[in-house]
Amino acid sequence: MTNSELVEHTYHKHNTWLYQVSYNFTSDKDSAEELVQELYLKMMEIKDINKIMFKEDVNLFYLYKMLRSIYLNGIKRSKPSLPLDDEIYELPADSYDYGADNAFEQMVQLTNEALDTEYWFGKELLRVYIEENHSIQSLHNATGISNSTIWTQLQKTKKYVKEYVNKNM
């Protein structure tokens, strides 16, 4: 199978799926169509067609990865860049906001106060989750508590801490 036959086969068999995936990336009809067209152009450049084939059809996962790569590269290219000057701009020392450090310390103190008033289970679960870097799944495996219960309790505790900090800030 040649590259043009591969593109034609892909167009007839998978174009709708490719368009849907592209639309999920871009959320724009025209951009999704452009993304699919770029994919077809990239497919014409493939040297080893066997790399993209799975059994007798096109490897859809490979096409998905190509679409994703094209989309992400497009985002990188479209980012505005700031011109670099030879001059280095520095803020004068007296313009630094020292209150920001105090605000952070106050937020940490309020967070600790909120956790001190929180129910022991939520407090301990959040501590193990954050400080010991455990995932919800690893906590489930270690304790036998369901994933949904752990997730719900973590959400409740986080919400309580945020509300407490916002109220007392």
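1. The chain exposes about 12800 Å² of surface, and carbon and sulfur atoms supply 53% of that area. These values, like the others in this note, are computed from a predicted model, and they should be read with that in mind. Of the 169 residues in the chain, 25% count as buried.

2. As to the overall fold, the chain has seven helices and two strands, and, read along the sequence, these elements follow the pattern α-α-β-β-α-α-α-α-α. Among the contacts that join residues at least 6 apart in sequence, 64% are between residues at least 24 apart.

3. The largest pocket holds about 170 Å³ of space. Its lining is made up of Thr111, Asn112, Leu115, Leu126, Arg127, Ile130, Glu131, Lys158 and Val161. Sorted by class, this lining has four nonpolar, two polar and three charged residues, and a reader looking at the model may wish to follow the residues of each class in turn.

4. Which helices each supply at least two residues of the lining of the largest pocket? They are α4, which spans residues 99-117, α5, which covers 120-131, and α7, which runs over 147-168. The helix that gives the most to this lining is α5, with four residues.

5. Asn112, one of the residues that line the largest pocket, is found in helix α4. Is Asn112 buried, partly exposed or exposed? Its relative accessible area is 42%, and because this value falls between the 20% limit for buried residues and the 50% limit for exposed ones, Asn112 is classed as partly exposed. The C-alpha atom of Asn112 is separated by 10.0 Å from that of Lys123, a residue eleven places away along the chain.

6. Ser22 offers a second residue to examine, and it lies in helix α1, which comprises residues 3-26. Why does Ser22 count as buried? The reason is that its relative accessibility is 0%, whereas the buried class takes in any residue under 20%. When the neighbours within four places in sequence are left aside, Ser22 is in contact with Ala32, Leu35, Val36 and Leu67.

7. Taken together, the two residues discussed above fall into separate classes of accessibility, for Ser22, in helix α1, is buried at 0%, while Asn112, in helix α4, is partly exposed at 42%.

Technical notes
Residues are numbered from 1 along each chain as its sequence is written. This is a predicted model: local features need pLDDT of at least 70, side-chain atom pairs count only at pLDDT 80 or more; totals for chains, interfaces and linings use all residues. Side-chain values use heavy atoms; hydrogens and water are left out. On a 1 Å grid over the protein atoms alone, a cavity is a set of points where a 1.4 Å probe fits but cannot get out, and a pocket is an open set with protein on both sides within 12 Å along at least five of seven lines; lining residues have an atom within 4 Å of a point. Grid points are joined across faces, edges and corners, and a volume is the space filled by probe spheres set on the points. Ala, Val, Leu, Ile, Met, Phe, Trp, Tyr, Cys and Pro count as nonpolar, Asp, Glu, Lys and Arg as charged, and the others, Gly among them, as polar. Buried means under 20% relative accessible area, exposed over 50%, partly exposed in between (1.4 Å probe, protein chains only). Contact means heavy atoms within 4.5 Å. Accessible areas come from the Shrake-Rupley method with a 1.4 Å probe; for residues, only the protein chains shown count as cover.
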